[in-house]
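Me: I would like to go through the internal spaces and the aromatic contacts of this model. Could we take them one topic at a time?

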Amino acid sequence: MALIEVRNLKKYFPVGAGMLHAVDDVTMDIEKGTTIGIVGESGCGKSTLGKTLMRLHDATSGEVRFNGVDIAGMKMKEFKKDYRSKIQMIFQDPYASLDPRMSVGQLIEEPIKVSKQLKDKHQISKRVEEMMELVGLAKRLKNTYPHELDGGRRQRIGIARALSLNPEFIICDEPVSALDVSIQAQVLNLLQDLQKEKNLTYMFITHDMSVVKHISNEIAVMYLGQVVEKCDAKELFKKTLHPYSQALLSAIPVPSIHGKREKIILKGELTSPINPKPCCRFAPRCPYAKDQCFAAEPKLRDMGNNHQVACHFAGEL
């Protein structure tokens with residue numbers, strides 16, 4: 001059963017030269033208890049998609065259904081009352097997403113107080129300690145401040161804040177990109193353990209293909225606001241069909257002194273996301289582009305095994 005159903009979601013920003021198409025006609029389902037990885041280079045719209053799903057940005061058009069209810073068109077007052085606590089976000093930078101003037105305990109209890117889920121001080125304090133224990137933060141750190149902690153512990157505070165309201169859906173916006181490799185593994189394992197324990201549903205936003213392969217059930221590849229390929233995580237690495245996805249995968253380091261992978265170097269100019277023409281946005285950088293690519297916009301089509309690709313010549317390359 002799909003917990004989140006996204007239908008033709010668009011988010012445009014007005015700029016001096018026109019409308020910037022940050023998220024453009026995205027459609028996907030996210031099954032309950034699973035993780036969908038969203039990958040792509042910087043500026044492709046990954047974070048904007050996540051923020052639009054949880055209404056930090058209001059959608060320009062389209063639907064976002066949570067358990068069948070369209071929350072994108074809902075009044076903000078109603079959304080905050082009934083759905084804000086069910087959709088939470090872990091932000092990318094643990095150094096910037098935490099108020100330096102608040103202690104660990106205050107940071108974790110803040111969403112509980114704002115949502116008014118608990119009002120009794122003793123109950124709130126108990127919930128904070130439970131969250132700290134759940135994410136592996138020692139109780140002795142309750143009165144410490146973010147600047148006194150390392151990056152891994154700071155990110156655990158962010159995870160504890162997101163979990164404090166017992167959400168069903170968590171958007172993880174590059175939650176390990178600012179951490180050391182050893183700490184990354186700890187946080188990723190923590191997220192997976194919590195998912196199994198609480199049957200959580202994740203959207204995991206990253207530009208790191210190795211990380212997304214490790215944690216995701218499904219992967220959606222984005223390019224300039226659009227999903228260009230979407231399939232099972234194992235399927236993507238076994239049978240990559242879109243030229244952009246192939247270029248992303250070619251950049252993954254091979255962990256062997258004998259291993260060698262030919263990197264695909266993309267050349268050409270980036271298509272402007274401001275008032276883009278109805279054509280393939282990857283065409284100016286695609287080594288296989290033909291006249292049709294510059295004349296018509298490819299739509300996502302199923303290539304079998306629920307493997308969707310937006311490319312006129314997918315399967316022929």
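Reply: The chat below covers cavities, pockets, backbone angles and aromatic contacts.

Me: What kind of model is this, and which pLDDT applies to local features?

Reply: This is a predicted model, in which local features need pLDDT of at least 70 and side-chain atom pairs count only at pLDDT 80 or more, while totals for chains, interfaces and linings use all residues. Residues are numbered from 1 along each chain as its sequence is written, and side-chain values use heavy atoms, with hydrogens and water left out.

Me: How many cavities of 30 Å³ or more does the search find?

Reply: The search of the whole structure finds two. On a 1 Å grid over the protein atoms alone, a cavity is a set of points where a 1.4 Å probe fits but cannot get out, a pocket is an open set with protein on both sides within 12 Å along at least five of seven lines, and lining residues have an atom within 4 Å of a point. Grid points are joined across faces, edges and corners, and a volume is the space filled by probe spheres set on the points.

Me: What is the volume of the largest cavity, and which residues lie nearest its centre?

Reply: Its volume is about 90 Å³. There are 14 lining residues, and Pro243, Cys280, Cys286, Cys293 and Cys311 lie nearest the centre. The lining has 12 nonpolar, two polar and no charged residues. Here Ala, Val, Leu, Ile, Met, Phe, Trp, Tyr, Cys and Pro count as nonpolar, Asp, Glu, Lys and Arg as charged, and the others, Gly among them, as polar.

Me: Which residues line the second largest cavity?

Reply: The lining consists of Pro243, Gln246, Ile264, Leu266, Pro287 and Tyr288, around a space of about 30 Å³.

Me: On to pockets. How much space lies in the largest pocket?

Reply: The largest pocket holds about 580 Å³. It is lined by 21 residues, with Arg84, Gln88, Pro111, Arg161 and Leu165 closest to its centre. Two or more lining residues come from each of α2 (76-82), β6 (87-90), α3 (104-115) and α5 (151-163); helices (H or I, at least four residues) and strands (E, at least two) are DSSP runs, numbered from the N terminus. By class, the lining has nine nonpolar, seven polar and five charged residues.

Me: And the second largest pocket, which residues are closest to its centre?

Reply: The second largest pocket has a volume of about 240 Å³. Among its 19 lining residues, Asp25, Gln226, Val227, Pro298 and Leu300 are the closest to the centre. Strand β2 gives the most to this lining, with four residues.

Me: Where does Asp25 lie, and what is its phi?

Reply: Asp25 lies in strand β2. Its phi is near 65°, a positive value in a residue other than glycine. Asp25 is partly exposed at 33% relative accessibility (buried means under 20% relative accessible area, exposed over 50%, partly exposed in between, with a 1.4 Å probe and protein chains only).

Me: Changing topic, how many aromatic pairs are there?

Reply: The search of the whole structure finds four. Rings of Phe, Tyr and Trp (its six-membered ring) pair if their centres lie within 6.5 Å; planes under 30 degrees apart count as stacked, over 60 as edge-to-face and the rest as tilted. The ring centres of Phe66 and Tyr83 are 5.7 Å apart with planes at 75°, so this pair is edge-to-face.

Me: Are those two residues buried or exposed?

Reply: Phe66 is buried at 1% relative accessible area, and Tyr83 is also buried, at 12%.

Me: Which charged end sits over the ring of Tyr83?

Reply: That of Lys86, 5.1 Å from the ring centre. A charge sits over a ring if NZ of Lys or CZ of Arg is within 6 Å of the ring centre and within 35 degrees of the ring normal.
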